[in-house]
2 protein chains.
Amino acid sequence: MNQDQPGAVGVAPVTLDDVATHAGVSRQTVSNVLNAPHRVREGTRERVEAAIARLGYQPNRAARALRAQASRMIGYRIEPVHEESLASIHDRFLHALADAGREADHHLLLFTADDPAGELAACARLFRTGGVDGFVLYGIDHGDARPAALLKVGAPFAVFGRTDSDSGHCWADVDNVAGVADAVDHLIERGHRRVGFVGWPEGSGVGDRRAEGWRAALEEHGLLADCQRLDAQTHDTIAAGAAAGAKLLDLSDPPTAIVTVTDTLAVGVMRAAQGRGRVIGEDLAVVGFDDTPTARVLGLSSVRQPIEEVGRVIVEMLLARLPGVPHQPQTAAGPEGRLLRPSLVARGSSAAPYPSSST
Amino acid sequence: MNQDQPGAVGVAPVTLDDVATHAGVSRQTVSNVLNAPHRVREGTRERVEAAIARLGYQPNRAARALRAQASRMIGYRIEPVHEESLASIHDRFLHALADAGREADHHLLLFTADDPAGELAACARLFRTGGVDGFVLYGIDHGDARPAALLKVGAPFAVFGRTDSDSGHCWADVDNVAGVADAVDHLIERGHRRVGFVGWPEGSGVGDRRAEGWRAALEEHGLLADCQRLDAQTHDTIAAGAAAGAKLLDLSDPPTAIVTVTDTLAVGVMRAAQGRGRVIGEDLAVVGFDDTPTARVLGLSSVRQPIEEVGRVIVEMLLARLPGVPHQPQTAAGPEGRLLRPSLVARGSSAAPYPSSST
């Protein structure tokens, strides 16, 4: 097995010191250009890079990984896009993850898998072979088997979302209760007294927490008894949202405002209302969740997740638990959880005061 | 410098042969489980993985990378999401890239950069340090400096899109001329004779080719002289699309159908038409480009890019040019270009025959 550095055949290998001497800078500066280039002024960086190119210096990442027993890679399974959903927060999340690792010279390693079992097998293989130092898991929910399985493998990881028992690992999540409660507060402020909710079937952590936000806000305003029967549960497609919206709108005493668990369902509710001759924002207020591009186009108010912050926090939590991350004050101990507050983006679908309150 | 394999301190390191003996399989099967697990039946894979875990075998990826002088990583810069655009083809493209490398045990390494210069600096560093074996470039257009710069660095790469001179490198692109021509054909088939176009300002390869598709199809049908002045050029926002749509609709002899260079501009055109009391799909036909989730919600006909195929083709072209990719029949020589045909998704915004043709 030949583990010599590439370029070392027959001649003495070029060293970091050679580059430093040639560029007229310190050893540390060369190291910074390689590992934390944003810390080096552009002129200096260019001089060092020219010296690296000229001398043919090869600070091989694999050799460094072997020495440090760290690949500086974070593994992440990218899931296929679900065509039925309007949500495209994945793009924003991936950019945030990749960007958060940049400062510490860590990169994101993307892989695909057919299902959660395939994901776990790929994780175990990547970790055991030193391909990654840890993982970020996406789309965690109640009953998810992945955290326990990764703990068993011994791989560091942090997750976006919560299972029913989060004690053993790091997580960050959006405060779904607060997000929907904010939407309900906003509608009540506009004069609505009958606020409905279209959610998912019980059993998903995300869906249950959003429904809880609706219930909690109504209770706080003393309106829960009036609105108790104004909710419907269905799966996440526009057609299902339209059916659920129709059910609520056809009640003898229908809601004047409806909050939904996703923009996808909100679009369905809007469709049902428009099919009944109602003008959105005047006869019926609607608020969705996710602030998708479609919400902007339709003037749909929506709860926006702080995805960029979630990505940054998750990577910070993970890096703090990896050995050998440079400029890390100290390795953090034990798991940690962080709940981040979403924000309501109010648009035409809910902005106007409800007529009965202004008379 | 200690380049011993992890786990080799004080005891003889566990070898591939030990694992094979313990699991009762061949050396090649163990290697397949590590490098091409999809080729191994599940029961066998589990047995081998159990043996790996039990013996603590560490087939270190960094050691393998040093031996093979190949990291099995493909570098890709992920760009921030532009909030004004409705297009979310990035998700689909990234999944396709990651998935295409899977068979050959190559993974995608994501990084971020502030601008194209920062991207090039990051590419040079990743390649020189052996962090990646090659790159995929996204969003290439006329005058893009990245291909020439990467050729200079000596890094293998393949790009999505075309510059003005594509002779030196591998590329795959969507046939934008054919895509828009298909949309125009479809509208003419429905009875339209005055077909307008809202595009981007001249100078972008993508925008110019889509405009060319409009012109070429009209010419083929002998309608170019009639439609010559029915085009407008603007930047890619909904508001700009509405202004351009208004300009065309307020002509003394306005178009009865409008094709746009993106769904974003199509939404603007629809807004302008609706503001003038026109019913989309009856008084005015509209066809966009990108088949975004918003197009599905609005019933907007749109040209769909074969993004999954683009991603697969690009990775295949790149892998065929990397040294040391397993199961590769032979290393391909010289650059190659592939043009892939998009498909029209016809919806309510253009499905009905134009009234004047049915009378």
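Helices here are DSSP runs of H or I of at least four residues, numbered from the N terminus. With that settled, here are some exercises on this predicted model.

**Exercise 1. Work out where A98(B) sits, and whether it is buried or exposed.**

Solution. Start with the element: A98(B) belongs to helix α5 of chain B, which covers residues 89–102. Next, apply the cut-off: a residue is buried if 20 or more other C-beta atoms lie within 10 Å of its own. A98(B) has 25 other C-beta atoms within 10 Å, so it is buried.

Now look at its surroundings. Leaving aside neighbours within four places in sequence, A98(B) is in contact with L108(B) and, across in the other chain, with I78(A), L110(A), F111(A) and T112(A). In its own chain, the C-alpha atoms of A98(B) and I74(B) are separated by 9.1 Å, and these two residues are 24 apart along the chain.

**Exercise 2. Describe the side of chain A that touches chain B.**

Solution. Begin with the count: 50 residues of chain A are in contact with 50 residues of chain B. Then ask which elements give two or more residues to this side of chain A: they are α3 (42–55), α4 (61–68), α5 (89–102), β2 (107–111), α6 (116–128) and α13 (293–298). Of these, α5(A) gives the most, with eight residues. Sorting the residues of this side by type yields 26 nonpolar, 15 polar and nine charged.

Finish with the strands. β2(A) pairs with β2 of chain B (residues 107–111) in the antiparallel sense, over three bridges. To find the register, place L108(A) opposite L110(B) in β2(B).

**Exercise 3. Find how the two chains are related, and whether they meet through the same surface or different ones.**

Solution. First, superpose the copies: a turn of 180° and a shift of 0.0 Å along the axis lay chain A on chain B with an RMSD of 0.1 Å. That is the relation of a two-fold axis. Second, compare the interface residues: 100% of those of chain A are also interface residues in chain B, so the copies meet through the same surface.

**Exercise 4. Decide whether chain A is more spread out than a compact globule.**

Solution. Take stock of the elements: chain A holds 16 helices and 12 strands. The globule rule gives 21 Å for 359 residues, while the radius of gyration of chain A is 26 Å, well over that value, so the chain is more spread out than a compact globule. The spans of the C-alpha trace along its principal axes are about 90 × 45 × 35 Å.

Two further values complete the picture. Buried residues make up 50% of the 359 in chain A. Among contacts in chain A with a separation of 6 or more, 71% are between residues 24 or more positions apart.

**Exercise 5. Place strand β4 of chain A among its partners.**

Solution. Check the cover first: β4(A), residues 157–161, is mostly covered, with five of its five residues buried.

Then take one partner, β3(A) (residues 134–140), which pairs with β4(A) in the parallel sense over four bridges. In this pairing I140(A) stands opposite G161(A). Follow the chain between these strands: β3(A), helix α7(A) (residues 146–153) and β4(A) make a right-handed β-α-β unit.

Last, turn to β5(A) (residues 170–174), which runs parallel to β4(A) and is joined to it by three bridges. Here V159(A) stands opposite W171(A) in β5(A).

Technical notes
Residues numbered from 1 in each chain as written. Chains lettered and ligands numbered in written order. Predicted model: local features only at pLDDT ≥ 70, side-chain atom pairs only at ≥ 80, totals over all residues. Contact = placed C-beta atoms within 7 Å. Nonpolar A, V, L, I, M, F, W, Y, C, P; charged D, E, K, R; others polar. Pairing = 2+ DSSP bridges. Buried ≥ 20, exposed ≤ 12 C-beta atoms within 10 Å, placed from the backbone. Rg over C-alpha atoms; globule rule 2.2 N^0.38 Å. Right-handed = clockwise from strand over helix to strand, strands pointing away. Least-squares fit on C-alpha atoms with pLDDT ≥ 70 in both.
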